[in-house]
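Colleague: Thanks for sitting down with me over this one. Could you show me the structure, and then let me press you on the words you use for it?

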Amino acid sequence: MHVRIVSRSLIGQTFGHYRIVDQLGAGGMGVVYRAQDLKLGRQVALKVLPAGSSDNDEAIERFKREARTASALNHPNICTIYGFDEHDGQLYLAMELLDGEPLDRRLSGRPLEMRQMLDIAMQVADALDAAHTEGILHRDVKPANIFITRRGPVKVLDFGLAKLSPEYRRSARHLDTKNETRLPEHFTSMAGTTVGTIAYMSPEQARGEEVDPRTDLFSFGVVLYEMATGRQSFPGSTTAVVFDGILNRDPVPPSSMNASVPIELDRIVSKALEKDRTLRYQTAADLGADLKRLRRDSSSRQIAVPAFAGSPEVATVVVPSGSTQVASGSGMPPAGPPLVVPASASGAVPPATLQSGVSKPWMFGAGVGVVIVAAIAAGLGAYFASRNGNGAADPAQQAAVTAAPTTEPPVPGVTAAPPPVPTAPAVAVPVTSKPAPPGNSSTAAKPVGAAPATVKPAAKPAAPAPAPVVSREAEATQRLEVARAKIANNLNDQALTDLRQIIVDYPGSRAGAEASLLAAELHEKVGRIDDAMAALVEFESRFAGDRRAADSKLRRSMMLGRMRQPRAQVQSRELLAEVAREFPGTPQANAALSTKLKIENDRKDLRELDPVLKIEVPAVMVTLRTVIEQFPDSPQSMAARNRLATMLAGMNRHVDSAEVLEDLGARFPGNPMDVWFRLGEIYERRLNDPVKAKEAYVKVPQGSARYAEAQRRLTRK
C-alpha cells in the first residue's frame, strides 16, 4: 500500500529532465513509470527506488549495480540504460521503454510453439553470451526478466543481482569495481524475489558456492524447460522442496510432457540442467549454437523453392517434407487453376522446371505449359488404366491419347503424349494465369489425333511379395545394436536418446532391459552418477524379476559407496543387505556380503541387533552369520565361522564360541586353524568341562603345530 501512495504522488513530477506521465508497474525493487524525456522528446521507462528503501543498504547496492552493469552492455537483446541519478533522496534509473509483455505472462502455464520458443531462446542465449563476454553474470535469469517486444527483439532485463565473474574482477577492464560493496546475497522477498525466483537458481547458488557464467546457463535451462512444457522443472510450495529438486532430482524430459518437443531439445535442456557444472554447457555461445542448429534442422523439414523472378504473385513456395501439398508463401490467392505436377520418388517437386523460372523469366510460361500437359496426360493415363482392370495400357496406343477438357478449359494449342502412370503422389502447385509466350512451342509436343476406339488391355500385374514380418523383439534388438554402435563411436547423447526410446517402445522386453542397463552404464561413463542411478532404479522397478536386478543394485551400491556423504554410505549398506536378502545364495549375494564385511571392518561404530544373541553387537557379526547361513560349505563360510568364534570369545560368550568352533571343525576337518585345540582350551579353562576338553584334544590332527601339546594335556591327570 505504501508503494501505491508514493507512486500516485510522483505522477506529474519531474526527475532531472524526465517528467513522469503514468505508472507502468511496481515490484520489490522499485516502481516503473512512463516518463517523457524533456531534452530529446522521447518516452522512456523510469525505474524509481521507493523512498522507504533509502535506509536499506542492500537495496541501494542492488539498484546501483543494475545501473553499472546494464549500462556497460550494448546489445540489441539487453535493455538499454540511458541514465542514473538521484532526486530528493530517491534513486532512479532511466531506461529503454519497451512495448510488449514479459515471458512469464506469455507462458501463463502453457508451452510456447516450438518455432517461437527457439527464436526467443536464441536471442536470450546471445544476450547472455554478450554479458558473459564482458565478465558480467546476471544471476537472476527467469521468465519475468525476459521481455518479448511486439515488433522488436527479445530483451533481457533486471541486472540488479548481476556481478563480475572472479576472472573478470581480476582484470577489471571496463567497470570500476574498487568501490563495489560486497553484501551478503539473499533471495528473499526484500530483494524482490520469491520461491519462483529460487526455482531458477543453480545448484551452486543453492549451496552458496562461488558462481560463474555456467550458473546463468543452468537458470536459462530451467527457463527453456518451462517454455517447452509450460511447467517449472523444479516445482514446490516451499523453499526446502524446491532446493531438494534443484540439488537432487532431474525433471522428466520435456518431450514426455509435450509431444511436439523434438528429442534434441531434451538433450539440450538436460545438458543445461546438469548438476555438475563441469558437465554443463560451458558457454552461452555453445548453448546458442545448439539452439540454432535445432532451429535449422527443424526448418530443414520444409523444402523451400525459390520464387520465380518476374512473377510477383508467387513470392515463395514451400513444400513440407513428406507432404504433397504446396502453398503460396505470399499470402495471396493463386491467380490460376491448380496445377498437378508428378512428384519425384521423394515427394519433392521436380526442380528443373521450377528452377528455370529463377534464371530465365521468359521460360516461365512455357515451363508451366509443359507441366500442365504432363499433368493432364498423367490423369488420363490413370483413367484408362483404371478402365482396363488396373492393367497398363498399350504404349503405342497410349501415346495417341489427347488431352480432353474436364471441368477446367484446356490451355489452347498445348497437348502432349502422356508419360507412364506416375507411382509417386501428385503435388498441387498454385500458379499464375500467364499464358505461354507465342512462338515458343519447342517446349510442348505437337497435337495428335483423336483417341483410339479401343485400348488393348494388359495383363494384370502380379501382386508384390509381402514384406517379411519382423518380430518386435528382433526389431528392438536391431535398434539396440544401433545404439551400441553409436556408443562405440562416442555419440553418447544420441545413443542415450535411442536407449530411452527403446525402453518406452518395448516395455518388459529383453531389449528394454538391456537398454536400461546400457543407459546406466553410459551415464556412469560420462560422470552423470545421479542419472546412472536413476536409470538403474527404473530398471529395477520395470524388471523386478530379472536376474540382473541384483547386479543393478550392486552397481548402485558401488556408486553410493564412492560418495562421501554419510547418507550415501548408509544407503550403500542398505542396498548390499537387500541383495543378500532378496537373492540368497547367489554370486551377487556373495559379492554383496563380501563388500558389506569390508565396510563394517572399517566402521567399528556400526552396530546391529544379533538375531541369535538378541543383543546389539558390531554389525560385522550379523553379516558373518548371514555368510555362514547362505554359504555353509564355502571357504568364505569357514573364515566367517573362525572370526565369529573369536569375536564371541572376546565378548565372554564362550558357550556360543564353542558351538561355532564345533560346527567349523565338523564341516572343515582339514582346516588350518587349530579348531580342536582351541575348542579344548575353551572347555578346559572357560567352561570347566574336562570331558569335552579331552574329546576336543583327541581330534587335534598330527600335522598340527599344537598336536604335541594336546597329547600332553591328554596324559595329564
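Colleague: What makes Arg 573 count as buried or exposed?

Modeller: Happy to go through it; bear in mind that this is a predicted model. Arg 573 has 15% relative accessibility, and buried means under 20%, so Arg 573 counts as buried.

Colleague: How do you know that Glu 608 and Arg 573 meet in a salt bridge?

Modeller: The nitrogen-to-oxygen distance between their side chains is 2.7 Å. The cut-off is within 4 Å, so the pair qualifies as a salt bridge. The two partners come from distant parts of the chain, 35 residues apart: Glu 608 lies in strand E17 (residues 607-609) and Arg 573 in helix H21 (residues 566-582).

Colleague: Why is Glu 608 called partly exposed?

Modeller: Its relative accessibility is 24%. Partly exposed is the class between under 20% and over 50%, so that label fits Glu 608.

Colleague: What separates Arg 267 and Glu 264, which also meet in a salt bridge?

Modeller: About one helical turn, because they are three residues apart in helix H11 (residues 263-272). Their side chains meet at 2.7 Å, N to O. Arg 267 is buried at 16% relative accessible area, while Glu 264 is partly exposed at 32%.

Colleague: Which residues do salt bridges with shared partners join into one network?

Modeller: Glu 264, Arg 267, Glu 274, Asp 290, Arg 293, Asp 493 and Arg 528. In total, the structure holds 49 salt bridges.

Colleague: How do you know whether Asp 37 is buried or exposed?

Modeller: Asp 37 has 2% relative accessibility; the limit for buried is under 20%, so Asp 37 is buried. Its side chain meets that of Arg 42 in a salt bridge at 3.5 Å, N to O, and Arg 42 is partly exposed at 30%.

Colleague: Now the helices. Why are H4 and H8 called roughly antiparallel?

Modeller: The axes of H4 (residues 114-133) and H8 (residues 213-229) cross at roughly 170° and come within 11 Å. Angles over 145 degrees count as roughly antiparallel, so the label follows for H4 and H8.

Colleague: What classes of residue make up the contact of H4 with H8?

Modeller: Twelve nonpolar, one polar and one charged. Among the residues that meet are Ile 120, Val 124 and His 132 in H4, and Asp 216, Phe 220 and Leu 224 in H8. His 132 belongs to the polar class and Asp 216 to the charged one.

Terms used:
Residues are numbered from 1 along each chain as its sequence is written. This is a predicted model: local features need pLDDT of at least 70, side-chain atom pairs count only at pLDDT 80 or more; totals for chains, interfaces and linings use all residues. Side-chain values use heavy atoms; hydrogens and water are left out. Buried means under 20% relative accessible area, exposed over 50%, partly exposed in between (1.4 Å probe, protein chains only). Helices (H or I, at least four residues) and strands (E, at least two) are DSSP runs, numbered from the N terminus. Axes are lines fitted to C-alpha atoms, for helices over the stretch in contact, and angles run from 0 to 180 degrees between N-to-C directions. Angles under 35 degrees count as roughly parallel, over 145 as roughly antiparallel, 65 to 115 as roughly perpendicular and the rest as oblique. Contact means heavy atoms within 4.5 Å.
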